[in-house]
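Visitor: I have a protein with a bound ligand in front of me, and I would like to learn how to read such a site. Could you walk me through it?

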Amino acid sequence: MPWRPMTAADLSHAFTLACAIHVDFFEALDVMADKLAAYPAGCLTLETADGSIGGYAVSHPYARGRVPKLNHLLGGLPADADIYYIHDIAIDAAARGQGHAEAAVNLLAAQARSAGFREMRLLSVNNSGAFWRRRGFSPVLDEQVDVSSYGSDATYMRRFL
Ligand SMILES: CC(C)(COP(=O)(O)OP(=O)(O)OC[C@H]1O[C@@H](n2cnc3c(N)ncnc32)[C@H](O)[C@@H]1OP(=O)(O)O)[C@@H](O)C(=O)NCCC(=O)NCCS
């Protein structure tokens, strides 16, 4: 079940998966499409053997100390992008625990490095903090960021590359 670049044709399937997984964090199809348009190299699709979509990853360059507001268009990449931001990795429940998310983290880290970034950041949600810690991320404690749209357990985390 390999990861491959996300295409525009994947968007409706990835959106359906996102709606099922992120029930508390709705984002419109246009918002995912906007991120794919802004930075296609950061968007991946996990394709199952039968051709269906078992997961997706969305990431892009962004600015230290800011998080994209939930369900808002990015409207392009910030001119002052200085970190690589993982917006979301989501795996269908039936495909979890097989290393797919870890593989996506590694692919996104390679993309970030090749684009010249030395730090990845993300907001962990859905109690995924332990997963990210085991992949080398730790909470950013010394910066105030507005995480209010992402729920009470949202934690701003970083990993140096
Ligand atoms: C968080 C999430 C992406 C993890 O996806 P996943 O594919 O299950 O992750 P992985 O399989 O890579 O890793 C999960 C565990 O399986 C283990 N694993 C890795 N390869 C494995 C294999 N071949 N067989 C069995 N287990 C394996 C990993 O060691 C890992 O355990 P650990 O976290 O205790 O170290 C998934 O739970 C999810 O989609 N959650 C909902 C969306 C979400 O909240 N995303 C995060 C947003 S910030």
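Visitor: How many residues of each class are in the shell around the ligand?

Guide: A handy start is to sort the shell by class. In this predicted model, the shell has 9 nonpolar, 8 polar and 5 charged residues. In total, 22 residues surround the ligand, and the closest are Ile89, Ile91, Gly97, Gly99 and Glu102.

Visitor: Which elements supply at least two residues of the shell?

Guide: Here we move from residues to helices and strands. Four elements qualify: β4 (83-91), α3 (100-114), β5 (119-124) and α4 (129-133). The largest share comes from β4, with 4 residues.

Visitor: Which polar atoms of the protein lie by an oxygen atom of the ligand?

Guide: For this, look for pairs of N or O atoms within 3.5 Å. A polar backbone atom of Glu102 is 2.8 Å from a ligand oxygen, and a polar backbone atom of Gln98 is 3.1 Å from a ligand oxygen. Arg135 takes part through its side chain, with a polar atom 3.0 Å from an oxygen of the ligand. As for cover, the ligand has 940 Å² of accessible area on its own, and the protein covers 69% of that.

Visitor: Where does the ligand sit?

Guide: The ligand sits in the largest pocket.

Visitor: And what is the strand order in the sheet?

Guide: Read it from one edge to the other. The open sheet has 7 strands in the order β1-β2-β3-β4-β5-β7-β6, with mixed pairing. At the edges stand β1 (3-5) and β6 (138-139); each has a single partner strand, so one side of each lacks a neighbour in the sheet. Further in, β3 (residues 53-62) pairs with β4 in the antiparallel sense over 8 bridges, and Ala57 stands opposite Ile89 of β4.

Note on methods:
Residues numbered from 1 in each chain as written. Predicted model: local features only at pLDDT ≥ 70, side-chain atom pairs only at ≥ 80, totals over all residues. Heavy atoms only, no water. Near = heavy atom within 4 Å. Polar contact = N/O pair within 3.5 Å; in protein donor to acceptor, adjacent residues only side chain to side chain. Areas by Shrake-Rupley, 256 points an atom, 1.4 Å probe, with all protein chains shown as cover. 1 Å grid on protein atoms, 1.4 Å probe; cavity = no way out; pocket = protein on both sides within 12 Å on 5 of 7 lines; lining within 4 Å. Sits in = over half its atoms within 2 Å of the grid points. Nonpolar A, V, L, I, M, F, W, Y, C, P; charged D, E, K, R; others polar. Pairing = 2+ DSSP bridges.
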